[in-house]
Amino acid sequence: MGEMKWTIGNWEFKSCEEEKWLPAQVPGCVHTDLYRNERIANPFYGTNEHRLQWIDKQDWEYQSRFEAPAELLGHTRIELVFEGLDTYADVSLNGHAILSADNMFRSWRVDVKPYLIEGANTLHVRFRSPIQEDLPKLRALGYALPASNDQSELGGLGDDKVSIFARKAPYHYGWDWGPRLVTSGIWREVRLEGWSGVQFGDLYIRQDEVSAERAQLTAVATVRAEASGAAELTVTAAGQTWQRTVDLKAGDNTVELQLDLAEPRLWWCRGLGDAHLYTFRAIIDRMGRTSEREARTGLRKVRLVREQDRDGATFYIELNGVPVFAKGANHIPGDSFVTEMTYERYRHEVASAAASNMNMLRVWGGGIYEQTAFYELCDEYGILVWQDFMFACSMYPGDPAFLDNVRAEAEENVKRLRNHPSIALWCGNNEIDSAWAQYNEHGGWGWKKAFTPEQRDKLWADYEAVFHDILPAAVSSFADGIDYWPSSPMQALTRDKEQHATSRSSVGDIHYWGVWHAGDPFDDYNVNIGRFMSEYGFQSFPEYKSVRTYAEESDLALESDVMLAHQRNGAGNRIIKQYMDQYLPEPKDFPAFLYLSQVLQAEAMKTAIEAHRRRKPYCMGTLYWQMNDCWPVASWAGMDYYGRWKALQYYAKRSFQDTMLSIDGSQDGQVGIHLLNDTLAAVEGELKLALFDFDGKRLKEESLPAAVASNSASLIVSRDTDELLAGADPVRTVLVAELWRGAERLDSREHYFVPGKQLTLSAAQVEAREVEGSGGTQFTLTTDTLAKQVWLSAEAEGVFSDNFFDLLPGQPVTVTFEKRDDEAQPFAIGQPGALSVRSMADFIRSEA
């Protein structure tokens, strides 16, 4: 073989102000190493975060003493590779300065053959404080750049926001759902690579033309050679072999090999087909010296379709010629300390997305370009990825060094991710176009008011250099066929007032935050609908078990120091309570408030999701904010930091069903029943409507035909509310709509005629009986009166096949417990251990 890779271990670390070295874990960061060495308390507990702000003001150093293998030393070329350094780092090997790094999102490679020795070597990395490094840049600039979510005051910096100067995960500096924990460290693998003769760099399978009949591909390989001469390039996949002789020059080479596959198996997102993957293996042979690479990809044709129509312009993803209604959520980093994210945690999130009938996740621009495992899992589960570049809610510098750094970052990450079939779209940034609103003097977030005309011109020119020049050039040059969208939300790149999105834009995408930030009622989700809803959301608390990981019983009050520390959206706790007072009964205590906050959030998101889906094909995407959390906190997430599904996740699973009924009661005096279908087959069946009182008595019923074309939505029937009720008491009556195809019930939905706050609920006796022969993994639930939002909780970690559902007398529901499995699969049928079953009546204050 012509190459060898060897991971460097045996790391230790210390503050540059101290003498004693401590054991370190690489990949890792200063905070996690301090915690493992019991030098700091748990950063996520109580208000500990506030007492750890000193860490980012110091310089830290890491070192490894190692002996390189003799086989490695025998190679003619030896390079040191850092896959990720966070962020400002000076590196030396055996006392020789070899590297100065300044970007968390780039990898670093340096020739160390002259410095590596037999026997003991010392590799030293000094991390300069990102705060001390960037404060002088702020002073030199002479004015502050907008950075709305930089929690500088918590960091002891007053109004000095420096996050925008560092090419580092923006959320490390705080966000309105996350703590301020500004890390330093070696966050990806460190290794030595030895090679002789030739070495593969990158293997890209370019998809020139893909259809069900034929895939025309090009293997594009970067190859480094010690000397000029001929070499044999061989690629194999799916039982086929392609080969050619290539002429290499000394140094870096790019060589291509045409590949042709007849009747390929295409890659589809979840719900439309199999996410089939091919593995391409390539070998370059130069006089017996060889180097090999593998590339796994799926064959598909994907594009963003923006075409004029009578309403404005479309905005949707087309996959293999099929318009896709995007269903999913916004993804943030799963941990404030990204190296704590294990493969199992990534798998749990992506598998949860697939189990929730999602087909897209948006990797939001305030986090990181995710670890490879995340994209591999999205490839496997058929989850499309809307990929932001790492810029969010801020204006950025535009000096040549910064722009060159961004260019290198963009090119490397586009190349790194381009083989993943899940990547559907690259987006320049999160919310900056609409926040600055260059072409609307009175629009945006008020940022422009703080600057002179000259400063404004400079800031916008710097913006355009990054988002209208550098980033689209990287995508078009290195990710053939993938579209670029400059900012989310945005209407179109028009360079006039029409560029900036509004809450009712009929072109581009929309972030609608009238519900929550502006206090708008839930019904406004039914009218503020655009072509693609890429953000909207509502908060809730985690469940009691999760809250108790960061709070004592004495802290369980909305205005306690701990609850406020774990609520980063300012008045968030008050906003939850105000909406709860409007829509739900009064909780009897704080644990009840936690439960009801989840029901409230779930009802809000159900309203939004189904309003968007009913407007198909006008609206072709709905991505709620947000999928996950980076620490235990009250937030917009559908599953908490520990991966525990909130009510929202179960509601999303139902509201994202590929074929489903949706009941719209938002129109005065009318109830509309819609049939939604995201599959490629038409659906015909029977709609059964039945009216029940809360004791399970059937008051009336009717049946009528129901049909919907493939990949479309249709209103089946609209009825007058009084006609449906037929004199029944609305506070004790529920309409049940069921969709049947022969003997198969495809879906069932409930509709109530008054808000939950006005329903007359009685204490329900819910029984859960183990299904015979299930081994304690399945349970049938029954009740003596209506039990709303039945919540099953288990001693074991896992999810139920359904949860937070309504249960009527005489209509039993059977659920299966799926245990979270750290081994072969994300969910495995298993026993829940102790089982708790409660419903809303158990959590609300009784009138008595």
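## A guided tour: one buried residue and two helix pairs

Begin by selecting Glu535, which is buried, with a relative accessible area of 3% (buried means under 20% relative accessible area, exposed over 50%, partly exposed in between, with a 1.4 Å probe and protein chains only). This is a predicted model, in which local features need pLDDT of at least 70 and side-chain atom pairs count only at pLDDT 80 or more, while totals for chains, interfaces and linings use all residues. Residues are numbered from 1 along each chain as its sequence is written, and side-chain values use heavy atoms, with hydrogens and water left out.

**First stop: Glu535**

Glu535 belongs to strand S33 (residues 533-535); helices (H or I, at least four residues) and strands (E, at least two) are DSSP runs, numbered from the N terminus. Next, add Trp513 to the selection: its side chain and that of Glu535 are joined by a polar contact of 3.1 Å. Such a contact is a pair of N or O atoms within 3.5 Å; within protein, one must be able to donate a hydrogen and the other to accept it, and residues adjacent in sequence count only if both atoms are side-chain atoms. The C-alpha atoms of Glu535 and Trp513 are separated by 7.9 Å, and the two residues lie 22 residues apart along the chain. Leaving aside neighbours within four places in sequence, Glu535 is also in contact (heavy atoms within 4.5 Å) with other residues, including Asn330, Arg362, Glu431, His511 and Trp625.

**Second stop: H6 and H8**

Select helix H6 (residues 400-417) and helix H8 (residues 453-478), which pack at an angle of about 30 degrees with their axes 9 Å apart. Axes are lines fitted to C-alpha atoms, for helices over the stretch in contact, and angles run from 0 to 180 degrees between N-to-C directions. That angle makes H6 roughly parallel to H8 (angles under 35 degrees count as roughly parallel, over 145 as roughly antiparallel, 65 to 115 as roughly perpendicular and the rest as oblique). Among the residues to display are Leu403, Val406 and Arg407 in H6, and Ala465, Ile470 and Phe478 in H8.

**Third stop: H13 and H14**

Move to helix H14 (residues 647-655), where 8 of the 9 residues are buried, so the helix is largely enclosed by the rest of the structure. Tyr650 and Arg654 are among these buried residues. Now add helix H13 (residues 590-614): H13 and H14 pack at an angle of about 25 degrees, with their axes 8 Å apart. H13 is therefore roughly parallel to H14. Residues making the contact include Gln598, Ala602 and Arg613 of H13, and Leu648 and Tyr651 of H14.
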